[in-house]
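Student: I am new to this structure and would like to go through it slowly, with a reason given at each step. Could we start from the terms we need and then turn to the parts themselves?

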Amino acid sequence: MAFSVTFYENFKKKTNSTKIPDSSVTQRTFQNVEIKEQSSLINPVIKFLFDGSVKFMEYNYAYIPYFNRYYFIDNIVYNGGRYEAYLTCDVLASYKTDIGNSTQYVLRSTALQNVDIEDTHYLMSNLVSNEKITITDTPFVSLIENGIYVVGIVNSATNTRGCTSYYTMNNAQFRALSNFLLSDPTYLGISADEISSALQKALINPMQYITSLVWIPLGNFPVGNSPVKVGWWDATGITGGLLTTNTVISKTFDVQLKKHPQTNTRGDWVNGNRGTQITLLFPPFGKIALDASKITHNNYITISLDIDMITGQGIIKVYGKKNNQSFDDGSYDGLLYYGEMQVGVNMSVNSISQASNFYSMQTLFNVQGFSVGSIINSNNSIFGINVDPGIGSALIAPNYSALKSGGNGSIAAFEKYPELIFDFFQFVPDFNDDFGRPLCEPHKISDLPGFILCSTNDIEIAGTREEAEKIGSYLTGGFFYE
């Protein structure tokens, strides 16, 4: 049996490639080539004659039209005056058309990439770069005079919570209230002829009507100008914002995210947890680790704060955000973090406690039918009985001890601006030409030049079972469509 064979000189190709020789490759066709007995279709041995002008050692590839297959030349042996070439079928080149027309589920590809899929083929180096964003537009302030006070006062105003009304006051308003309560007690309406001004200050403690005092670190807050009443008395000239139905203040603001320095070359997946760690330091809520994998495509995060003005309790929520549009337009993604913390700083309110010997005097004051003047008058007499000044002063000046309601909280947490910290872990260089990048999509093979790795080895060819199995092993092991 004789047939023609085309030999190619120094044809360069990868063994796992569909590349076939073009006209630029030096080639020569030999006629009357014979096949050696006991040869196979896939691994034939052919016999032929070379004239002296042919350097047979430079031929490394062949095509046999009769078999319609391309072959690698494994070896050429001189035997009994003739040359014998040992061939192995190049199944990728021989069935390039069938392979190119097939649709496969492609795991990796040089031509296309799904930038959201993490590429675990490459290791992470020990190089870490850091970036930090200082959040200067936070609503929190650190200076006492820049925040607001929420004062709980026992009175009969409308919209009380139980017996307490809550007022928001700026620093000037609260200072005015303090000065009013602790200065001239004329607002009590008690004549100095009945009880001297000094004694009124000793007997009556207006601070007992202050049930709570919370400093909220919010700046530029409109507090209002409602008149304030303390107990039974009108605090003339004192104003504040009376909290009514809504006692929760909400603030939202956006922070632009930094991107991993290898994003453009490796894909958005490097902005996920494997390549990026994001930490939000937001006093007083503390150190918050954000799930970077949930915001690989986001350009912003939205921080939402809700503060209960009465208790000072705060809630922080952090969302991913696709752009810098309004928080209410639905452009934000899922919740990244939810936390609760005491934001308001509780301030102490001093009170006065009387010893038991004064308790009886208070009881006498409360007996119906006795006026203050009939009990103690300017002549130091009680019920008309003269009392020695020394005895009288001891009786009407009992032992007082200071009591403190609540305690001063700390504003140290608000001394620093919140920060968003990025730790970017660097990956070793990739080799897209030889290993491709993650794709994980079905594609027609001819649409994807370069390296391809498929998930299965299923393909239909008009060839032998051995050839189909070889092609399948290349599909799942990786090959080059050229």
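Tutor: Let us begin with a term: a salt bridge is a side-chain nitrogen of Lys or Arg within 4 Å of a carboxyl oxygen of Asp or Glu. Please keep in mind throughout that this is a predicted model.

Student: With which residue does the side chain of Asp430 meet in a salt bridge?

Tutor: A salt bridge needs a nitrogen of Lys or Arg within 4 Å of a carboxyl oxygen of Asp or Glu, and the N to O distance for this pair is 3.6 Å. The pair links distant parts of the chain, with Asp430 in the loop between β25 and α9 (432–435) and its partner in helix α5, 164 residues apart. The partner of Asp430 is Arg266.

Student: Is Arg266 buried or exposed, and what about Asp430?

Tutor: Buried means under 20% relative accessible area, and partly exposed lies between that and 50%. Asp430 has a relative accessible area of 23%, so this residue is partly exposed. Arg266 stands at 5% relative accessibility, and therefore counts as buried.

Student: Which residue is linked with Arg266 and Asp430 in a network of salt bridges?

Tutor: We have already seen that the side chains of Asp430 and Arg266 meet in a salt bridge. The network of salt bridges links these two residues with another one, Arg437.

Student: How many residues apart are Lys13 and Asp90, which form a salt bridge?

Tutor: The closest N and O atoms of Lys13 and Asp90 are 2.5 Å apart, and the structure holds 13 salt bridges. In this pair, which links distant parts of the chain, Lys13 lies in the loop between β1 (2–9) and β2 (27–35), and Asp90 in the loop between β6 (82–89) and α1 (91–94). Lys13 is buried at a relative accessible area of 18%, and Asp90 is buried at 2%. Along the chain, the separation of Lys13 and Asp90 is 77 residues.

Student: Which residue forms a salt bridge with Arg274?

Tutor: The closest N and O atoms of this pair are 3.6 Å apart. Arg274 lies in the loop between α5 (263–266) and β15, and its partner in the loop between β7 (103–109) and β8 (124–134), 156 residues away. Arg274 counts as partly exposed at 21% relative accessibility, and the partner is partly exposed too, with a relative accessible area of 37%. That partner is Glu118.

Student: How many residues of strand β15 are buried?

Tutor: Strand β15 covers residues 276–282 and is described as mostly covered. Out of its 7 residues, the number that are buried is 5.

Student: Which strand pairs with β15 over 6 bridges, and which one forms a hairpin with β15?

Tutor: The pairing over 6 bridges is antiparallel and is made with β25 (residues 419–427), where Phe424 is the bridge partner of Thr276. Another 5 bridges, again antiparallel, join β15 to a strand spanning residues 286–290, and there Ile278 stands opposite Leu290. The hairpin has 3 residues between its two strands. The strands asked for are therefore β25 for the 6 bridges and β16 for the hairpin.

Student: Which residues touch the most other members of the largest nonpolar core?

Tutor: The largest nonpolar core has 62 residues. One of those asked for is Leu420, which, leaving aside neighbours within four places in sequence, is in contact with residues including Val255, Leu257, Ile278, Leu290 and Ile301. The residues that touch the most other members are Ile301, Ile303 and Leu420.

Student: Why do the buried residues of α10 line one face of the helix?

Tutor: Helix α10 (residues 465–477) has 13 residues and reaches 18 Å from its first C-alpha to its last, close to the 18 Å expected. Its buried residues are Glu467, Ile471, Gly472 and Leu475, whereas Arg465 and Gly477, on the other side, are exposed. Seen down the axis of α10, the buried residues line one face because they fall within an arc of 140°.

Terms used. Residues are numbered from 1 along each chain as its sequence is written. This is a predicted model: local features need pLDDT of at least 70, side-chain atom pairs count only at pLDDT 80 or more; totals for chains, interfaces and linings use all residues. Side-chain values use heavy atoms; hydrogens and water are left out. Helices (H or I, at least four residues) and strands (E, at least two) are DSSP runs, numbered from the N terminus. The expected span of a helix is 1.5 Å times one less than its number of residues. Buried means under 20% relative accessible area, exposed over 50%, partly exposed in between (1.4 Å probe, protein chains only). The arc is that of the directions from the helix axis to the C-beta atoms. A nonpolar core is a set of buried Ala, Val, Leu, Ile, Met, Phe, Trp, Tyr and Cys residues joined through side-chain atoms within 4.5 Å. Contact means heavy atoms within 4.5 Å.
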